[in-house]
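Here are a few short exercises to work through with the model open beside you. Try each task before reading its solution.

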Amino acid sequence: MSINQPSAPFVGTIEKNPKISLIGTLAMLVEAPGEFDLVQQGRIWALADAVSSWPNVQEAVVGVTNVMLAFEQPPADIDMLSASIIELWHRVPGRKADGKLIEIPVVYGGELGFDLPAVAKRAGQSEREVIRIHSEGEYTVCAVASSPGFGYLHGLDPRIYMPRKSVPSLNMRAGSVTIGGMQTGVAVLTSPNGWNAIGWASIAMFDPSSEQPSLMLPGDRVKFRIDRIEL
């Protein structure tokens, strides 16, 4: 169910409103308008920070260009709640990617980087050049989702974009450093995976026994460092 809202509440505001949809009676999805960029993602982070302390909001779960609000009880007035969220969207200053810097050593190529040749072929680059481009980037954690501790990383060089596979790899190993479309990431679980494996990292992305189980949090920055190259 999508909720249609009137124009922005401030005179002179030309920005579009976020799209607000209900998910059953105990959740609501707020989606940023327009194309994805880090400015809009920063607004999503800030919105999530603000609404997470609102009455009846059990949790604000950040996604890529969206945030899902989980409620303790069905909201009494959906229209008023939606209007409050839209008003907040238009005035909240976006949060910058000012989290910690995480360095991840990677063994590029080899048995666990089995998609590196396909990525290089599509990019028209050598495998070593793909590795150089990937390892020289700095990436921003937009959201931690899909599986516990998996960070969606923005900042991949367009030269090495690679579509997700139409047929997933059935048993991709945890720690696989992957490319999926315009994003990169590190697989948390050994499982079927449609992203393209170009290397492997031994560092744990998620530790349920830790006070902070997920290594990555939204707004953190990530650098991949070449530990070894196997071609």
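**Exercise 1. Aromatic pairs.** Work out how many aromatic pairs the chain has, then classify the pair formed by phenylalanine 150 and tyrosine 152.

*Solution.* This is a predicted model, so keep in mind that side-chain atom pairs count only at pLDDT 80 or more. Ring centres have to lie within 6.5 Å to pair, and the count comes to four aromatic pairs. Now take phenylalanine 150 and tyrosine 152: their ring centres are 5.0 Å apart and their planes meet at 85°. Angles over 60 degrees count as edge-to-face, so that's the label for this pair. Next, check the surroundings: phenylalanine 150 and tyrosine 152 are both buried. Finally, follow the ring pairs onward, and you get a cluster linking Phe150, Tyr152 and Trp195.

**Exercise 2. Helix 2.** Check whether the end-to-end span of helix 2 (residues 78–91) fits its number of residues, then look at its start and its buried residues.

*Solution.* Start with the length. Helix 2 has 14 residues, and at 1.5 Å a residue it should span 20 Å. The C-alpha atoms at its ends are 20 Å apart, so the two values agree.

Move to the start of the helix. Here a side-chain oxygen of aspartate 77 comes to within 3.2 Å of the backbone nitrogen of aspartate 79.

Then list what is buried: Leu81, Ser82, Ile85, Ile86, Leu88, Trp89 and His90. To read that list, recall that an α-helix has 3.6 residues a turn, so residues three or four places apart point the same way.

One of the buried residues, Trp89, has a charged partner to find: arginine 43 lies over the face of tryptophan 89, 4.4 Å from the ring centre.

**Exercise 3. Glutamate 111.** Where is glutamate 111 found, and is it buried or exposed?

*Solution.* First place it: glutamate 111 is in the loop that runs between strand 6 (101–109) and helix 3 (116–123). Its relative accessible area is 71%. Exposed means over 50%, so glutamate 111 is exposed. For a distance check, pick leucine 189, which is 78 residues away along the chain; the two C-alpha atoms are 17 Å apart.

**Exercise 4. The whole chain.** Sum up the chain's secondary structure, burial and contacts.

*Solution.* Count the elements and you get four helices and 14 strands. For burial, 44% of the 231 residues are buried. For contacts, take those with a separation of 6 or more: 62% of them join residues 24 or more positions apart. As for the surface, about 11700 Å² is exposed, with carbon and sulfur atoms supplying 54% of it.

Methods. Residues are numbered from 1 along each chain as its sequence is written. This is a predicted model: local features need pLDDT of at least 70, side-chain atom pairs count only at pLDDT 80 or more; totals for chains, interfaces and linings use all residues. Side-chain values use heavy atoms; hydrogens and water are left out. Helices (H or I, at least four residues) and strands (E, at least two) are DSSP runs, numbered from the N terminus. The expected span of a helix is 1.5 Å times one less than its number of residues. Buried means under 20% relative accessible area, exposed over 50%, partly exposed in between (1.4 Å probe, protein chains only). A polar contact is a pair of N or O atoms within 3.5 Å; within protein, one must be able to donate a hydrogen and the other to accept it, and residues adjacent in sequence count only if both atoms are side-chain atoms. Rings of Phe, Tyr and Trp (its six-membered ring) pair if their centres lie within 6.5 Å; planes under 30 degrees apart count as stacked, over 60 as edge-to-face and the rest as tilted. A charge sits over a ring if NZ of Lys or CZ of Arg is within 6 Å of the ring centre and within 35 degrees of the ring normal. Contact means heavy atoms within 4.5 Å. Accessible areas come from the Shrake-Rupley method with a 1.4 Å probe; for residues, only the protein chains shown count as cover.
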